[in-house]
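Student: I should like to study this structure step by step. May we begin with the terms that are needed to read it?

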Amino acid sequence: MNLRLSSTAILLITLMTHPLSIFGGDIKKKEEAVASIESHKTELTNISDQIWRFAETALRETRSSKVLADYAEKQGFEVKRGVAGMPTAFIASYGQGRPIVGILGEYDALPGISQKAQSVKEALEAGSAGHGCGHNLFGTASLGAAVAVKELIAAGKLKGTVRFYGTPAEESIGGKIYMARDGMFNDLDVCLAWHPDDRIRADVDSTQAIVDFIVEFKGKAAHAAADPWNGRSAVAALEFFTTGLNRMREFVKPTVRMHYTIQKGGDVPNVVPEYARVWCWLRDSKRAGVEELLARARKIAEGAALMAGVESKLTVQGGDYELLVNLTGEKIIHSNLTWLGPIQYTAEEQEFAKTIQRATSVEPTGLNGAVQPFDPPKPDPEGGSTDVGDVSWLVPTLHLSVTTAPEKAPWHAWPVVACGGMSIGHKGMVYAAKALAATMVDLFEDAKTREAIQAEFKKKSKGEVYKPYVPDGPPPVPED
Ligand SMILES: [Zn+2]
């Protein structure tokens, strides 16, 4: 059938199927960016699979960061390795002048959750790490998007600088916080990030602010039966402390989450323990709430030490701000997701997902490849924290989620590892790269939208002086 359409009809159809036109980003350039990602798909999938197999944990991502940095260099980016005192952190830049658009990439795995790329639970290597948060996909997709934008800059079709941030250790100390402390995001006009998920959406919901600290108690050792009066128990203080913290649970807002593990609680019962240590994470929906919790925890530690007649020391090890959501920017992301449309899955992929759901006692609904509606943000976020939050208080940061795992399947667990190493994860990774690249075309081309994003950022961050939760000195890079 031969359709002859008038130019008005073509324009109308374009506006209907490509609603992005309202943001001023050129559709043709977006299509070129998408085509670029398609042309690099095999390389990107290989990189993602390599990182998936390396499964390197926080600050040990030597081979993972190298494969990404080497690829960026091969694509013509200027690469600075080992930034902010972390051998596995790097920055890859291309282009000149403004705007400077940043994009974040992660690549650390989680210990102990090794899994084969199959729908039945079975470790690839028992006791080893696995990509249970999909960060192999995260880093690769972000770099894929940066490469597509680089090609448009190289062809003279976009003007400015694209900068990829290789950010290690999201799962432990938060590498971005050290990069933020060293001012590495300060000159950006806008920054982008995404995360693997069980849905596709523009993220209008924030994350939780968190503080990570340890409390140590030092007492006096003695024979627990012969001369206990000469001893002062550090474990007694630790018990007073955790009792105090648990008692406090009743008198905090419903948005608060408190968790801890006892790292050292003496050695044998017949020695009065002279040393004890507890590791705590306190969360609330806002940084100010976390500050208040931390101040209360300090007093509880002091009180516990006083009761047990020992000494206490509280050391802040890290923490994240909540994500400062930029609704102007999220609308652009949503338009680009709508423009791209849903992810299509094969019957085999849906069956793979359902097998995992059955195995993890989740309703077998399969994979959700639909773009979620743009709902209003919730007043208080659910779930976890991320060091992307810190970046979002320094520069307007736009965030999206893309399906890489079955709906409601447990995260930080084997199902996410399994899907991240096969076609379900690959599809999500390629889709995320396209969504990020298309959004960047808008950001590069449309100065008015950038100004609107920055105006919202300035209004929302007004009065907040950025103070990262990091100890002084270099990041705690493991020596082995
Ligand atoms: Zn993650």
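Tutor: Let us begin with exposure: a residue is buried if its relative accessible area is under 20%, exposed if it is over 50%, and partly exposed in between. Please keep in mind that the model is predicted.

Student: In which class does Glu43 fall, buried, exposed or partly exposed?

Tutor: Glu43 lies in helix α3, which covers residues 41-54. Its relative accessibility is 31%. Buried requires a value under 20% and exposed a value over 50%, so Glu43 counts as partly exposed.

Student: Which residues does Glu43 touch, not counting residues up to four places away in sequence?

Tutor: Contact requires heavy atoms within 4.5 Å. Separately, the C-alpha atoms of Glu43 and Thr140 are 9.8 Å apart, with their positions 97 residues apart along the chain. With residues up to four places away in sequence not counted, Glu43 touches Tyr71 and Gln75.

Student: Which residues coordinate the zinc ion?

Tutor: In sequence, the donor residues follow the spacing C-x1-H-x59-H. Both Cys133 and His135 are buried. The coordinating atoms, at 2.1 to 2.2 Å, are SG of Cys133, NE2 of His135 and NE2 of His195.

Student: How is the aromatic pair of Phe77 and Tyr94 classed?

Tutor: The structure holds 9 aromatic pairs. In the pair of Phe77 and Tyr94, the centres are 6.0 Å apart and the planes meet at 55°. Planes under 30 degrees apart count as stacked and those over 60 as edge-to-face, so this pair is tilted.

Student: Why can the pair of Phe77 and Tyr94 be said to tie parts of the chain together?

Tutor: Phe77 lies in the loop between α4 (62-74) and β1 (78-81), whereas Tyr94 belongs to strand β2 (residues 90-95). Phe77 counts as buried at 4% relative accessibility, and Tyr94 as partly exposed at 22%. The pair therefore ties together parts whose separation in sequence is 17 residues.

Student: How far apart in sequence are Phe217 and Phe241?

Tutor: The ring centres of Phe217 and Phe241 are 6.2 Å apart and their planes stand at 55°, so this pair is tilted. Both Phe217 and Phe241 are buried. Phe217 is in strand β7 (residues 209-218) and Phe241 in helix α7 (residues 234-248), so the pair links distant parts of the chain, with a separation of 24 residues.

Student: Which lysine lies over the face of Tyr94?

Tutor: A charge counts as sitting over a ring if, for lysine, NZ is within 6 Å of the ring centre and within 35 degrees of the ring normal. One such case is Lys30, whose charged end sits over the ring of Trp339 at 6.0 Å from its centre. Over the face of Tyr94, at 5.4 Å from the ring centre, lies Lys150.

Student: Which two residues are joined by a cis peptide bond?

Tutor: Most peptide bonds are trans. Here a cis bond has an omega of about -5°. Its proline, Pro99, is placed in the loop between β2 and β3 (100-105). The residues joined are Arg98 and Pro99.

Student: Where does Leu59 lie, and is it buried or exposed?

Tutor: Leu59 has a phi near 65°, a positive value in a residue other than glycine. Leu59 lies in the loop between α3 and α4. Its relative accessible area is 9%, so Leu59 is buried.

Student: What is the class of Lys408, buried or exposed?

Tutor: Lys408 also has a positive phi, near 60°. Lys408 lies in the loop between β11 (397-403) and α12 (414-420). Its relative accessible area is 58%, and so Lys408 is exposed.

Student: With which residues is Gln317 in contact, leaving aside its neighbours within four places in sequence?

Tutor: Gln317 lies in strand β10 (residues 311-320) and is partly exposed, with a relative accessible area of 32%. Once neighbours within four places in sequence are left aside, its contacts are Tyr178, Asp212, Phe213, Ile214, Trp279, Tyr469 and Pro471.

Student: What is the volume of the largest cavity?

Tutor: A search of the whole structure finds 1 cavity of 30 Å³ or more. Its lining includes Arg201, His334 and Asp375. The volume of the largest cavity is about 30 Å³.

How values were computed
Residues are numbered from 1 along each chain as its sequence is written. This is a predicted model: local features need pLDDT of at least 70, side-chain atom pairs count only at pLDDT 80 or more; totals for chains, interfaces and linings use all residues. Side-chain values use heavy atoms; hydrogens and water are left out. Donors are N, O and S atoms within 2.8 Å of the metal (3.2 Å for Na, K and Ca); water is not among the atoms, so sites may look incomplete. Buried means under 20% relative accessible area, exposed over 50%, partly exposed in between (1.4 Å probe, protein chains only). Rings of Phe, Tyr and Trp (its six-membered ring) pair if their centres lie within 6.5 Å; planes under 30 degrees apart count as stacked, over 60 as edge-to-face and the rest as tilted. Helices (H or I, at least four residues) and strands (E, at least two) are DSSP runs, numbered from the N terminus. On a 1 Å grid over the protein atoms alone, a cavity is a set of points where a 1.4 Å probe fits but cannot get out, and a pocket is an open set with protein on both sides within 12 Å along at least five of seven lines; lining residues have an atom within 4 Å of a point. Grid points are joined across faces, edges and corners, and a volume is the space filled by probe spheres set on the points.
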